[in-house]
Amino acid sequence: MQDPSLEADDRAPPEEPTLFFGGEMSLWSKLVNGLGLAVMTISAVCFVWFMSSLPRIEGRIPIKGLQLPVQVARDHAGIPRVTARSTHDAYFSMGWVHAQDRMWQMEMQRRVGAGRLSELIGEKGLANDRFMRTLGIYRLAQANVERLDKPTREALEAYADGVNAWLRDHNHRLPPEFVVLGAHPEPWTPADSLVWGRLMSLQLTNNWRDEVLKAKLAGRIDPRRLGDLWPNYPEDAPITLAAATADAVLAAIPETAEPHLASNVWAVAGSRTASGKPLLANDPHLGFQAPVQWYLMSVDAPGLSLTGATIPGVPFHLIGHNGRIAWGTTTTHADTVDLFVEKQVDADSYQTPQGVERFIRRDEVIHVKGAADETLAVRATRHGPVISDLTAKDLAKTGEVVAFRATALEAEDLTAQAFHKINRAIDWRSFTTALKDFHSPVQNLAFADTTGTIAFATAGRVPLRKSGDGSVPARGWTSEGDWTGWIPADKMPAQVNPKSGKLVNANNKVTPERYPYSIASAWPEGFRAQRIGEMIEAKKGLTVDDMAAMQLDQLSLAAMELKDLLGTPETKEARAAEAARMIAAWDGHVLRDRAEPLIFAAWQDELWRGIFADELGDDFKSFQSVRPYVLANVLTSRRHWCDDVNTTDAESCEQLSAKALERAVESLSARHGQSMATWKWGNDHVAMFENPVLSQIPLVGKLANSQIATDGDDFTVNRGTYLPKSFRHLHGAGLRVVYDLADLSKSRFIIATGQSGNPLSRHYDDMISAWRDNKGLVLDRRTETKAVLRLEPGY
């Protein structure tokens, strides 16, 4: 210890500070220290810069374009309630608030629809851009604006003005994705709002990929056997597709245009509830992403009072209530896309019933980040754009091309106008009047009001065809599949106050047996609808809590049916036999903390592959998701599919089942260890919400993703659609709503991630646990306000 009596001058001089290296600071250590300081400084600046992109939620902000002051009050979950003194300011503020929280999501949506992803992400965006430019849906959205009535146009314009006011004032404080990609948003336009509806029209239609696959397989598989795969397949189907043509079409379809279908909705009359007033539950199903597509919001203005779910970029409540009525939706699975095989005479012309006609041509220039521009030559026939050109430019050997006809490509689409009217409807009569303008996508809408009415209607344009049902491609050189009009709106399925006191739809068939029109040739399995109906019947005096509990139901009627058919296979593998006994004793509840759902999912996947992969070959990848009715049919009456065509022996379904179970157990053991006691469905069945841009950044990308283990499978009410083999949960109820018509202010809402699209926000994924457990939030004026922002006219 140093003697404290020593004077300062007698003490040893202090050692030179050293960082990173010992001893006297060298030139290299100074450089390293300087570099470290620079990195820390840059990191701090970047952190402050990124943090500045978070929205301001308190205080006062002057905004040019606002007519009168507006209040934006947010609750503990960041859900805003906009209170305005005019409808113009209400829509203006909706645009401003949407931009605050979800500007990047809005930017991506419009770029997907406009076919302009490549400008941001380079060649990875070309598949989307080529497809969307070929269809021309953004051009259609632009032209459609003037077809809307004046009130709808004014709402779209006020909303766009609000978005642009935010962009103008936050040009240098944009969300992180803009900074990462070096992007600058262009001014928002009404067409940017409308193009989202056309994208949904492509995604929320019957699975037209199957039409291509059927036509391809018809060239080598007997029609009766194709009827085993698609029970409504017409044995006299008029056409097959050459493999090259079919492959070209399948390869051309980007993920952004893939059909993604499902949803649940049900309403019960006051005779079935504790309050004596209706209850209505809804959970629409879409693919998972971060942030989820939905955004919760309340809006109050003279003549306008709305609470519920919006899509950022669109100024209307798509699911919600207005204090008098409540509504929810499911997808109808209507067949609104047809493919026409055209006989090509030469590169410039094709055959029609009236003779040879020339292709309609146009060029689209696609700007590609980091590469030369691409000029896309688009051809169209009388039926629509030619999509087989996208990946196969030379089909001269087949002499055929494929044209695309869809309701999404109709010049007039008044669906935005329909939603504008729905938001203001006061009863079933005014609601159905609004539905007359509902064009695309075709949807089922459930309705309830405070007077006690419950009702259901299917709305949208469904084509009438000269012949056929649209389930297979049509011969374009004839008129047999031509569209001749639409099913009349007043002939679409509808019910009002049924005697049963309940209305249920989970994408199941909506038409009675003698319905005179064809809405779809095939419908999804009715397991979810059946289960919802059972639960409604099982209890009297239903409450909001009961409806929310039904939304989380995990009983898989499909699994119960299939496991009984599978029985207990004979196997010499002890662990496979143990797994079989576990499945035999399983009650069919698909719970994340149980092993049985995992074993069963792996078993049925292996069995499905074992049955069909040998005959479908490379096309099996387009048919790899299990279809319970098809599998049940094979196991009972069409057992010839169990024989492997690649072997000389004749295999039985029992042998195939045993081998599939053995492979499943072996695969799960490699993944999760030998002890089945540690296996859990939730180990693999994880809902993953990925940020499409930030997730691609090394090291930090995972911080922008959110995940949580979940219950359910593809056929439970609590929808848990998963990816075959990995069982990752990729599609389900991103939004859940329960309306209480006794007091709509007590209705509950929850979305899967959070209100914010900014990963730095505490509201980026703060709802994910509440969503998984369906702990809905009440959006009411009396809810405690955590922050208040006042928007004031700026001049």
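**The disulfide**

Start with the cysteines: this predicted model holds one disulfide (a pair of cysteine sulfur atoms within 2.5 Å). Select C642 and C653, whose sulfur atoms are 2.0 Å apart. The torsion about their S-S bond is about 90°, so the disulfide is right-handed. C642 sits in the loop between α19 (628-636) and α20 (653-672), while C653 belongs to helix α20, so the bond ties together parts that are eleven residues apart in sequence. Helices (H or I, at least four residues) and strands (E, at least two) are DSSP runs, numbered from the N terminus. Both cysteines, C642 and C653, are buried; buried means under 20% relative accessible area, exposed over 50%, and partly exposed in between (1.4 Å probe, protein chains only).

Two notes on reading the model follow. Residues are numbered from 1 along each chain as its sequence is written, and side-chain values use heavy atoms, with hydrogens and water left out. Because the model is predicted, local features need pLDDT of at least 70 and side-chain atom pairs count only at pLDDT 80 or more, whereas totals for chains, interfaces and linings use all residues.

**Helix α17**

Keep α20 displayed and add helix α17, residues 574-585. At 1.5 Å a residue, its twelve residues should span 16 Å (the expected span is 1.5 Å times one less than the number of residues). The end C-alpha atoms of α17 are 17 Å apart, which agrees. Colour A576, A577, A579, A580 and I583, the residues of α17 that are buried. They cover an arc of only 160° around the axis, which puts them on the same side of α17; the arc is that of the directions from the helix axis to the C-beta atoms. These buried residues pack against α16 (557-566), α18 (596-616) and α20, where contact means heavy atoms within 4.5 Å. On the face turned away from the buried side, pick out the exposed residues A574, R581 and A585.

**The eleven-stranded sheet**

Next, show the strands in the order β1-β30-β2-β3-β6-β7-β8-β9-β16-β17-β21. These eleven strands form an open sheet with mixed pairing; two strands pair if DSSP finds at least two bridges between them. At the edges are β1 (59-64) and β21 (494-496), each pairing on one side only. From one strand to the next the twist averages 20°.

Zoom in on β2 (residues 70-74) and β30 (residues 787-794), which pair in the antiparallel sense over five bridges. Within this pair, label A73 and its bridge partner in β30, V788.

Now add helix α2 (residues 87-114), which lies across β1, β2, β3 (80-83), β6 (295-301), β7 (304-310) and β30. The helix runs at about 160° to β6; axes are lines fitted to C-alpha atoms, for helices over the stretch in contact, and angles run from 0 to 180 degrees between N-to-C directions.

**Helix α5**

With α2 still shown, select helix α5, residues 137-144. Its buried residues are I137, Y138, L140, A141 and N144. They cover an arc of only 155° around the axis, which puts them on the same side of α5. What covers them includes α2, α4 (126-135) and α8 (190-203).

**Strands β23 and β24**

Move to β23, residues 686-689. V686 and M688 point one way from the strand, A687 and F689 the other way, and all are buried. Strand β24 (residues 706-709) pairs with β23 in the antiparallel sense over four bridges. Opposite F689, look for S706 in β24.

**Stops in the loops**

Go to the peptide bond between A290 and P291, which is cis with omega about -5°. P291 lies in the loop between β5 (279-287) and β6. Another cis peptide bond joins S440 and P441, with omega about 0°. The loop that holds P441 runs between α13 (428-435) and β16 (443-449).

H333 is in the loop between β9 (325-331) and β10 (337-346). Its phi is near 65°, a positive value in a residue other than glycine. H333 is buried, with a relative accessible area of 7%. N774, in the loop between α22 (768-772) and β29 (777-778), has a positive phi of about 55° although it is not a glycine. N774 counts as buried at 9% relative accessibility.

**Last stop: S349**

Finish at S349 in strand β11, residues 349-352. At 7% relative accessibility, S349 counts as buried. Leaving aside neighbours within four places in sequence, S349 is in contact with Q344, V356, E357, R358 and F359.
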